[in-house]
Amino acid sequence: MSRIGKAPIVVPSVVSVDIGEGVVTVSGPRGVLSKSIPDRIAVSRSGDEIRVERSDDERESRSLHGLTRALINNMVIGVSEGYQRDLEIVGVGYRAVAKNDRHLELQLGFSHPVFVEAPDGVNFEVPQPTRIRVLGIDKQKVGQVAAEIRALRKPEPYKGKGIRHAGEVVRRKAGKAAI
């Protein structure tokens, strides 16, 4: 039995869950998320708990069991609390400016500024010129947008310049050794 899959999902009072034919829709104060459920997986609600069960013990069913439970739990957390990823910009002259909560202008040492537009359901905050906060209700989208911004200028190992996740440790290399 999947240890993740057998754990119940506790639904806060501000979140409503609609379990339809092959689709689970979760709505809360921050928005609405919907996910299709595989045929091998059954989702049921009793009181303020959601349970995810599988129909058989085949390998694919076992893997989908824990995955489905984790995805539904992420949807519940997303519509009630939301997700955020923090990025740090390191480098002389590197900075970020929020044009509004959906557009970023980044100066990353290129000859031109780099513009980033947020997809639906994702917003940006720039509390400091060297910090970017990616906010949203969909955990996968927030992580993907943060990864795409980081990929614009990955931290390099010699000086450590670039965009990194908050708290990320960049292993530094020694430079050229003089003889």
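Two strands count as paired here if DSSP finds at least two bridges between them. Keep that in mind as you click around, and remember that this is a predicted model.

**Stop 1: a three-stranded sheet**

Start by selecting E8, E9 and E10. They make an open sheet in just that order, E8-E9-E10, with antiparallel pairing. Now colour residues 95-100 and 114-117: these are E8 and E10, the edge strands, and each has a single partner, so one side of each is left without a neighbour in the sheet. Turn the view and follow the twist, which averages 25° from one strand to the next.

Zoom in on E8 and on E9, residues 103-107. Five bridges hold this antiparallel pair. To see how the two strands line up, show arginine 95 and look across to glutamine 107 in E9, which stands opposite.

While you're here, pick arginine 102 and aspartate 120. Their side chains meet in a salt bridge, 3.5 Å from N to O. Arginine 102 sits in the loop between E8 and E9, and aspartate 120 in the loop between E10 and E11, so the pair ties together parts that are 18 residues apart in sequence. Is aspartate 120 buried or exposed? At 59% relative accessibility, it counts as exposed. Arginine 102, at 21%, counts as partly exposed.

**Stop 2: strand E6 and its partners**

Next, select residues 49-54, strand E6. Show its side chains and you'll find a covered face with Ile50, Val52 and Arg54, and an uncovered face with Glu49, Arg51 and Glu53. In a regular strand, side chains alternate between the two faces of the sheet.

Add E5, residues 41-46. Six bridges join E5 to E6, and the two run antiparallel. Valine 43 is the residue to highlight here, as it stands opposite valine 52 in E6. The two strands form a hairpin with two residues between them, and in that turn glycine 47 has a positive phi of about 70°.

Then bring in E1, residues 9-10, which is joined to E6 by two bridges, again antiparallel. Here isoleucine 9 stands opposite isoleucine 50.

Before leaving E6, look at arginine 51 and glutamate 49. They form a salt bridge whose closest N and O atoms are 3.8 Å apart. Both count as partly exposed: arginine 51 at 33% relative accessibility and glutamate 49 at 24%.

**Stop 3: the E11–E12 hairpin**

Select residues 122-128 for E11 and 131-136 for E12; these strands run antiparallel and share five bridges. They form a hairpin with two residues between them. Glutamine 128 in E11 faces arginine 131 in E12 as its opposite number.

Show glutamate 125 and arginine 133 too, whose side chains meet in a salt bridge of 3.4 Å, N to O. Glutamate 125 is partly exposed at 36%, and so is arginine 133 at 25%. For another group of charges, select Arg40, Glu58 and Glu60, joined into one network by salt bridges that share partners. How many salt bridges does the structure hold? Ten.

**Stop 4: the largest pocket**

Finish with the largest pocket, which has a volume of about 220 Å³. Select Leu33, Ser34, Lys35, Leu71, Asn74, Met75, Ile137, Asp138, Lys139 and Gln140 to see its lining. Strand E4 (31-36), helix H1 (59-80) and helix H2 (139-152) each give two or more residues to that lining. Colour by residue type and the lining divides into four nonpolar, three polar and three charged residues.

Terms used. Residues numbered from 1 in each chain as written. Predicted model: local features only at pLDDT ≥ 70, side-chain atom pairs only at ≥ 80, totals over all residues. Heavy atoms only, no water. Helix = DSSP H or I, 4+ residues; strand = E, 2+ residues; numbered from the N terminus. Axes fitted to C-alpha atoms, helices over the stretch in contact; angles between N-to-C directions. Buried < 20%, exposed > 50% of the residue type's maximum accessible area, 1.4 Å probe, protein only. 1 Å grid on protein atoms, 1.4 Å probe; cavity = no way out; pocket = protein on both sides within 12 Å on 5 of 7 lines; lining within 4 Å. Points joined across faces, edges and corners; volume = space filled by probe spheres on them. Nonpolar A, V, L, I, M, F, W, Y, C, P; charged D, E, K, R; others polar. Salt bridge = Lys/Arg side-chain N within 4 Å of Asp/Glu carboxyl O.
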